Amino acid sequence: MSAPAHGRTDEMVAERFDVVVVGGGPAGVAAAVAAGREGLRTALVEWHGYFGGSRTAAAVDTFYGFWTPGGEARPVVGGIGLEIVEATLGRGGFRRENTYGAGPGVTYDVHDLKLVLDDLVLGAGVRPVLHTSVSGVRRDGDDWEVTLVTPTCGPWSVRAGTVVDTTGDATAAALAGLPVVLPGEQGPVQSLTSIFFLGGVDVDAALAVSHEERSELTRQADESGSYRLPRHEGSLHRTPRPGMLQANIVRVADVDVTDPAALTAAEIEGRRQVVEYLRFFRDRLPGFADAYVAEIAPQIGIRESRRIRGVTTLTESDVLDGVRDDQAIALAAAPIEDHRACSDTRWAPVGGDGLYSIPFQALVPTTGEGFLAAGRCLSAEHAAQASARNSAQAFATGEAAGYATALAVRSGVALRAIDVQELRARIRGNGGLV
Ligand SMILES: Cc1cc2nc3c(=O)[nH]c(=O)nc-3n(C[C@H](O)[C@H](O)[C@H](O)COP(=O)(O)OP(=O)(O)OC[C@H]3O[C@@H](n4cnc5c(N)ncnc54)[C@H](O)[C@@H]3O)c2cc1C
């Protein structure tokens, strides 16, 4: 691979990293920070100009999955994820008791989170590589050659002992030719949502209308034919900014985001729906008379797309039965929340004692050495992913991937053969819960 045509990344060309983490969402940040803190030479590549993935680019501004739903609210995830949650609480974020069944959440300002993540990544000695896409992953001897594209220069490359795929879409795995499950292969993929913020809202008046009442009014308006409102039961919630609500209500269904034409159409349809929902809110709901769209998230929110085929696949029955075992590298408690076409979302609670575990082998592809996936593209059935995709589990699985890589490098053992009990001890030692 040749050097970039122009300048500034020259010093990185063909540079070797112990680990290249592809995708700087919750899973990627946690993976890179864990690996960096373990002393590995780590690069974190992200095509946006900031880290956070869905949490920033798609403006999903509430962390869920850290505590169990229900009265007791037991802790589920600690470690780096919880460190990030606490940092956002220290910057004006606040805890919300959840009304939709996912347990308590922490709502934060999206721009604050970008700053929190910058500090964390730099503090761990990780090399941040922003505005850069991974466009090729190829085995080269014992290493991976990772091809990068930065819009301001031609393609360039780095070498990696390990690649951690935290793209959310298993793009690195697909590029490397590793086995993946395609979007829609296991039934319709979950719908997409363009998150938006409304300013100029009389927040107290707006939130005096209950979720159920608002859903019913939305349904009636949609069925009247005067508005096109594909989802009736979406969420509107308070933000750290006065007079501003966040809306998670747009629904664009049956999109394969790995198809550029479909993804493009979805972005445009999402924005069209934002304007339509605003029209409805202003016309029909109290508190919105002067409301305006303060921001539409830069990127439509993607809940589900491609996933790796792992040595172990998390199943729907693992979630529904609350299965836990000694291969656990993360815990989860959020219900299955399967966003479908039309207006319904399928909710199903976790069984057993309300917790299930995610095994290390769900991060390990069936073939390919020196490669892990974490976050929403881990190996899981469609329904199981609809629970395990929460941000807390993305952080926890990413963190585990970072420590696993460090163990493999130190012990000289293949990643898929590391001692999982040692990994679990490392996770616990750093405040994680398994
Ligand atoms: C609309 C919506 C609402 C949600 N609501 C909640 C909620 O309320 N609470 C909650 O906890 N969770 C929620 N989630 C789920 C949660 O936010 C995500 O599933 C979680 O962020 C997944 O994290 P991740 O790191 O796996 O992937 P992502 O957050 O998707 O991050 C992937 C990153 O990889 C980057 N990337 C992709 N391809 C490349 C490439 N080739 N090169 C370089 N970079 C690349 C992307 O830019 C992105 O930054 C929601 C998700 C959506 C979409």
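## A first stop: leucine 320

Leucine 320 sits in helix α8, which covers residues 316–320. Helices here are DSSP runs of H or I with at least four residues, strands are DSSP runs of E with at least two, and the numbering starts from the N terminus. Leucine 320 has a relative accessibility of 32%, so it counts as partly exposed. On this scale, buried means under 20% relative accessible area, exposed means over 50%, and partly exposed lies in between, using a 1.4 Å probe and protein chains only. Leucine 320 and glycine 351 are 31 residues apart in sequence, while their C-alpha atoms are 4.8 Å apart in space.

This is a predicted model, where local features need pLDDT of at least 70 and side-chain atom pairs count only at pLDDT 80 or more, while totals for chains, interfaces and linings use all residues. Residues are numbered from 1 along each chain as its sequence is written, and side-chain values use heavy atoms, with hydrogens and water left out.

## A second pair of positions

Let us turn to helix α7, where glutamate 269 lies. Glutamate 269 is partly exposed because its relative accessible area is 24%. Its C-alpha is 9.9 Å from that of isoleucine 300, and the two residues are 31 apart in sequence.

## Around the ligand

How many residues surround the ligand? There are 32, and the closest are Glu46, Ser54, Arg55, Arg389 and Ser391. A residue is counted as near if one of its heavy atoms lies within 4 Å of the molecule. By class, this shell has 10 nonpolar, 17 polar and five charged residues. Here Ala, Val, Leu, Ile, Met, Phe, Trp, Tyr, Cys and Pro count as nonpolar, Asp, Glu, Lys and Arg as charged, and the others, Gly among them, as polar. Four elements each supply at least two residues of the shell: α1 (26–37), β3 (62–63), β7 (133–140) and α10 (391–411).

Some side chains make polar contacts with the ligand, meaning pairs of N or O atoms within 3.5 Å; within protein, one atom must be able to donate a hydrogen and the other to accept it, and residues adjacent in sequence count only if both atoms are side-chain atoms. For serine 391, an N or O atom of the side chain is 2.6 Å from a ligand oxygen. The matching distance is 3.0 Å for tryptophan 47, and a polar side-chain atom of asparagine 390 lies 3.2 Å from an oxygen atom of the ligand. Taken alone, the ligand exposes 990 Å², and the protein buries 94% of that; these areas come from the Shrake-Rupley method with a 1.4 Å probe.

## Strands and hairpins

Strands of a sheet pair through backbone hydrogen bonds, either parallel or antiparallel. In this model, two strands pair if DSSP finds at least two bridges between them. One open sheet has three strands in the order β3-β5-β4, with antiparallel pairing. Its edge strands are β3 and β4 (94–96), each pairing on one side only. Three bridges join β4 to β5 (residues 105–107), and arginine 95 has valine 106 as its bridge partner in β5.

Strand β7 runs antiparallel to β8 (residues 143–149), with seven bridges joining them; valine 134 is partnered with leucine 148 in β8. This hairpin has two residues between its strands, and glycine 141 takes a positive phi near 65°. Another antiparallel pair, β12 and β13 (residues 245–248), has four bridges. In that hairpin, which has six residues between the strands, glycine 243 takes a positive phi near 70°.

## Aromatic rings

The model has 10 aromatic pairs. Rings of Phe, Tyr and Trp (its six-membered ring) pair if their centres lie within 6.5 Å; planes under 30 degrees apart count as stacked, over 60 as edge-to-face and the rest as tilted. Phenylalanine 66 and phenylalanine 395 form a tilted pair, 6.2 Å centre to centre with 45° between the planes. The pair links distant parts of the chain, 329 residues apart: phenylalanine 66 is in the loop between β3 and α2 (79–89), and phenylalanine 395 is in helix α10. Phenylalanine 66 is buried, with a relative accessible area of 0%, and phenylalanine 395 counts as buried at 3%.

Tyrosine 227 and phenylalanine 280 have ring centres 5.6 Å apart and planes at 70°, so this pair is edge-to-face. Both tyrosine 227 and phenylalanine 280 are buried. Finally, Phe63, Phe66, Trp67, Tyr108 and Phe395 form one aromatic cluster.
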